[in-house]
Amino acid sequence: MTRSIPTKARAVIIGGGVSGCSVAYHLAKLGWTDIVLLERKQLTSGTTWHAAGLIGQLRGSQNMTRLAKYSADLYVKLEAETEVGTGMRQVGSITVALTEERKHEIYRQASLARAFDVDVREISPGEVKEMYPHLNVSDVVGAVHLPLDGQCDPANIAMALAKGARQRGATVVENVKVTKV
Ligand SMILES: Cc1cc2nc3c(=O)[nH]c(=O)nc-3n(C[C@H](O)[C@H](O)[C@H](O)COP(=O)(O)OP(=O)(O)OC[C@H]3O[C@@H](n4cnc5c(N)ncnc54)[C@H](O)[C@@H]3O)c2cc1C
């Protein structure tokens with residue numbers, strides 16, 4: 001990573017977790033090359049390092065659904081673009097409901113997701129059992145299946161975003177703690 005720190009920049013991003021790396025990547029993609037990301041330790045050394053890497057598109061609000069779909073689509077392409085192995089595998093996900101209220105909630109989220117072109121389908125407890133025989137479905141009242149949900153390596157996703165930002169001219173500096181804004 002670059003060690004010299006510019007004295008000024010159009011935007012300074014504090015923190016090299018997945019959020020900071022994503023902001024750098026997207027600003028650079030918009031043509032903002034005069035940007036600097038400062039990370040106090042190493043990239044991904046914060047919460048991002050601990051994440052399980054589940055990429056789920058079933059969300060409670062329109063904006064979160066759009067963001068989750070956009071992220072899932074981006075992570076599928078990111079490895080080819082940056083040559084950083086992201087470990088993204090679209091193995092699909094099943095969400096089950098044990099009460100009628102929860103069933104209505106996940107069905108509502110599924111309709112919302114469908115409106116944003118997320119591949120999602122309501123499935124019966126029997127279909128859940130067929131897809132995942134280890135699950136006891138005796139108290140399951142409803143479920144949804146998202147075939148394009150998946151799992152990735154969160155640290156490498158952040159690394160790939162940082163590389164994509166640097167490829168477009170952004171400066172990424174590690175071991176610099178921001179002490180004042
Ligand atoms: C156990 C666990 C499992 C999780 N599983 C999932 C999951 O499956 N799916 C999912 O979507 N989310 C999951 N999450 C949530 C996800 O990890 C976080 O939402 C995400 O990593 C937050 O990223 P961030 O960039 O905002 O924060 P961070 O990754 O914490 O990044 C912040 C960065 O800022 C740096 N920093 C802080 N202060 C300064 C400073 N003064 N100067 C310079 N740098 C500074 C830190 O060193 C750090 O690198 C999980 C979280 C945990 C803990």
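**Close-up views of the ligand site and a helix pair**

**View 1. Meet the ligand through Leu54.** A backbone N or O atom of L54 sits 2.8 Å from an oxygen atom of the ligand, a polar contact being a pair of N or O atoms within 3.5 Å (within protein, one must be able to donate a hydrogen and the other to accept it, and residues adjacent in sequence count only if both atoms are side-chain atoms). On its own, the ligand exposes 1,000 Å², and the protein buries 62% of that; accessible areas come from the Shrake-Rupley method with a 1.4 Å probe. This is a predicted model, in which local features need pLDDT of at least 70 and side-chain atom pairs count only at pLDDT 80 or more, while totals for chains, interfaces and linings use all residues. Residues are numbered from 1 along each chain as its sequence is written, and side-chain values use heavy atoms, leaving out hydrogens and water.

**View 2. Here are the ligand's neighbours.** Around the ligand are 21 residues, of which S19, E39, T47, T48 and L54 come nearest; a residue is near if one of its heavy atoms lies within 4 Å. T47 places a backbone N or O atom 2.8 Å from a ligand oxygen atom, and T48 has a polar side-chain atom 2.6 Å from an oxygen atom of the ligand.

**View 3. Now look at two packed helices.** Helix α1 (residues 18-29) packs with helix α2 (residues 62-82) at an angle of about 75 degrees, their axes 14 Å apart; axes are lines fitted to C-alpha atoms over the stretch in contact, and angles run from 0 to 180 degrees between N-to-C directions. Helices are DSSP runs (H or I) of at least four residues. So α1 is roughly perpendicular to α2, a label for angles of 65 to 115 degrees.

Technical notes:
Parallel < 35°, antiparallel > 145°, perpendicular 65-115°, else oblique.
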